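Q: I'm new to this structure and would like a close look at just one part of it. Could you walk me through the sheet, and then point out any odd backbone spots along the way?

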Amino acid sequence: MPILPYITVEEAKAEILLLDEQDSISDLEIEAKLIFIQEYIEKLTRQFFNVRDLTLLIDSFGTRIIALPVPIISISKIEIDSTNGFIEQDLSKFIIFNSFYPDDRDYPKIERKDAFFPEGKKKIRVTGSFGFVNEGLQTPEPIKVVTKLLFLNWFKGVSTGKKNLRDGKTYFFKDEKYEKRITESMSIGSLTGDPEIDNILIQYKRAEAISLI
């Protein structure tokens, strides 16, 4: 399954069309900035908001439940590390928590019905489709809104017609280093420094990091 962007170039251009004045910015420039913004959102929230087919290596604490660091869409394979390497398991012996109602996205997990998971680092290998998406498997609308707002903040930095653009405070400016801006915004206890954006992103922020192979 192809990984879909949070918003398309055409959607970004539609935001610019709402302004009285426009600069000549190429589709390639817009696409590059949208990729930058997407990575920026994922860095801040430690989530991603589209469907991705991945293999995750998960730590286990010797319980029946293992927590995953990203919402589950579907699971195709569960493997457990043993003295003979990773052994594929019978999926019917597991409960997959991937429901929208009740919403499992804030606590995605897998429960083993008949035994405990072995204790250890990266002992469980889980293959499937993952992502914090809505029921239509699309990027949630609030994340699309944040993407558009960050794009307009960038456009403000390259546009000569600023009177109709947002004046929200942000730590995301053209040509400044990605890592530097995140470090500075984190150090003052916020995400981007723009309350409108941060009030959305904080609802999606996770503490755990993802281990991928």
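**The open sheet**

A: Let's start with the layout: four strands make an open sheet, ordered 1-7-3-4, and their pairing is antiparallel. Strand 1 (52-60) and strand 4 (85-88) sit at the edges with a single partner strand each, so one side of each has no neighbour in the sheet. The strands don't lie parallel to one another, either: neighbours in this sheet are turned by 35° against each other on average, direction ignored. Keep in mind that all of this comes from a predicted model.

Now for how the strands are joined. Strand 7 (residues 120-130) and strand 3 (residues 72-82) run antiparallel and are linked by seven bridges. One pair to look for is Ile 72 with its bridge partner in strand 7, Phe 130. Strand 7 is also joined to strand 1, again antiparallel, through eight bridges. Here you can pick out Leu 56, whose bridge partner in strand 7 is Val 126. As for strand 1 itself, it's mostly covered, with seven of its nine residues buried.

A good residue to zoom in on is Ser 129, which belongs to strand 7. Its relative accessibility is 13%, so Ser 129 counts as buried; the cut-off for that is under 20%. What does Ser 129 touch, leaving out residues up to four places away in sequence? The list is Val 51, Arg 52, Asp 53, Ile 72, Ile 73 and Ser 74. With Asp 53 there's a side-chain link as well: a polar contact of 2.5 Å joins the two side chains, Ser 129 and Asp 53. Ile 72 is a nice case of the fold bringing residues together, since Ser 129 and Ile 72 are 57 residues apart in sequence but 6.5 Å apart in space, C-alpha to C-alpha.

On to the backbone oddities. Most residues other than glycine have a negative phi, and most peptide bonds are trans. Lys 122, in strand 7, has a positive phi of about 55° even though it isn't a glycine. With a relative accessible area of 37%, Lys 122 is partly exposed.

Arg 46 is another non-glycine residue with a positive phi, near 55°. You'll find Arg 46 in the loop between helix 2 (27-45) and strand 1. Arg 46 has 42% relative accessibility, so it counts as partly exposed.

Finally, take a look at the loop between strand 5 (94-97) and strand 6 (109-112), where Pro 102 is found. The peptide bond joining Tyr 101 and Pro 102 is cis, with omega about -5°.

Note on methods
Residues numbered from 1 in each chain as written. Predicted model: local features only at pLDDT ≥ 70, side-chain atom pairs only at ≥ 80, totals over all residues. Heavy atoms only, no water. Pairing = 2+ DSSP bridges. Helix = DSSP H or I, 4+ residues; strand = E, 2+ residues; numbered from the N terminus. Axes fitted to C-alpha atoms, helices over the stretch in contact; angles between N-to-C directions. Buried < 20%, exposed > 50% of the residue type's maximum accessible area, 1.4 Å probe, protein only. Contact = heavy atoms within 4.5 Å. Polar contact = N/O pair within 3.5 Å; in protein donor to acceptor, adjacent residues only side chain to side chain.
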